[in-house]
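Reader: I have a chain on my screen and some labels I want justified. Can we go through them one by one?

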Amino acid sequence: PGENETAVNLEELKTSVLYSGPVDPAEWVGLRKSYPLLVYLRNNLLMLAILAFEVTIYRHQEYYRCRNNLTAPVTRTIFHDITRAHLDDGLVNCIKYFINYFFYKFGLETCFLLSVNVIGQRMDFYAMIHAFWLIAVLYRRRRKAIAEIWPKYCCFLACIIMFQYFLCIGIPPAPCKDYPWRNGNANFNSNIIKWLYFPDFIVKPNPVFLVYDFMLLLCASLQRQTFEDENKAAVRIMAGDNVEICMNLEASSFSQHNPVPDFIHCR
């Protein structure tokens, strides 16, 4: 490009995909020559093996229950004989209970921690959007109020991760057309482009950020299922309810409603 066509210096242009070397159009759609071929396909084969293993286990369980006239358990747990009543019976039963229902009890807090992790790892424009959503969810305070807004939060996470995926792919480099924010009249530098997570041929969007977003989306989807399970009587009998023990959320009155010692306001 000429001097008036770009605002990028020569050193940065050498790292651009458009000018660093020949461009193979097949790589944009995910095709690349590789030798040996098994190394190129091992991750795909591993995913297929895991899916086949999962389907085999579920089909075997369904066949075993049908053959022995058994009903499927209400909750998908490892220790079916452990309920909320066994939580305070000892350390072993406590561990078994939390193996079964840790996410049922602390899934919401886990999602909050993962949201903070996404913000801390990214530190860009989308981290700011995640921070606004976290503030909006925490502002609801009540668990029932959070459950009402949680499907919208899951929808936001699913849409934003898909949108960022297309940003990471970008436009095909084969036509040798640069992005408009790399023109000479555009007042953008590499740091601003990186912070805005714009597609670029010099400063590529970091696709590792999508891993953090995916983990947050995964836990948020599990928490949405937890909110639905809380309304089922059979699940509440097994795992206990998640209702606040005190409606006014004052710590001094917790011991009046808490059925077990809280070790703070009572001995």
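Reader: Why is Tyr 197 called buried or exposed, whichever applies?

Author: Tyr 197 has a relative accessible area of 2%. Buried means under 20%, exposed over 50%, and partly exposed in between, with a 1.4 Å probe and protein chains only. So Tyr 197 counts as buried, at 2%. A word on the source: this is a predicted model, where local features need pLDDT of at least 70, side-chain atom pairs count only at pLDDT 80 or more, and totals for chains, interfaces and linings use all residues. Residues are numbered from 1 along each chain as its sequence is written, and side-chain values use heavy atoms, with hydrogens and water left out.

Reader: Where is Tyr 197 found?

Author: In the loop between helix 7 (190-196) and helix 8 (209-229). Its phi is near 60°, a positive value in a residue other than glycine.

Reader: What makes Met 123 buried or exposed?

Author: Met 123 has a relative accessible area of 59%, so Met 123 is exposed. Met 123 sits in the loop between helix 4 (91-122) and helix 5 (125-140). Its phi is positive too, near 55°.

Reader: Which class does Ile 169 fall into, and why?

Author: Partly exposed, because its relative accessible area is 33%. Ile 169 belongs to helix 6 (residues 143-169).

Reader: Which residues make the nonpolar surface patch?

Author: Trp 28, Val 29, Leu 31, Met 162, Tyr 165, Phe 166 and Ile 169. The patch covers about 740 Å². Patch residues have over 30% relative accessible area and no salt bridge; like charges are joined within 9 Å, nonpolar side chains (Val, Leu, Ile, Met, Phe, Trp, Tyr) within 5 Å. A salt bridge is a side-chain nitrogen of Lys or Arg within 4 Å of a carboxyl oxygen of Asp or Glu. Areas come from the Shrake-Rupley method with a 1.4 Å probe; for residues, only the protein chains shown count as cover.

Reader: How many helices and strands does the chain have?

Author: Ten helices and zero strands. Helices are DSSP runs of H or I, at least four residues; strands are runs of E, at least two; numbering starts at the N terminus.

Reader: Which residues does UniProt list for "transmembrane region"?

Author: The unreviewed entry lists 37-58, 101-119, 125-141 and 153-172. Such annotations may be inferred rather than shown by experiment; positions are in the numbering used here, and feature names are shortened. In the model, residues 37-58 are 100% helix, with end C-alpha atoms 32 Å apart. Residues 101-119 are 100% helix, with end C-alpha atoms 27 Å apart.
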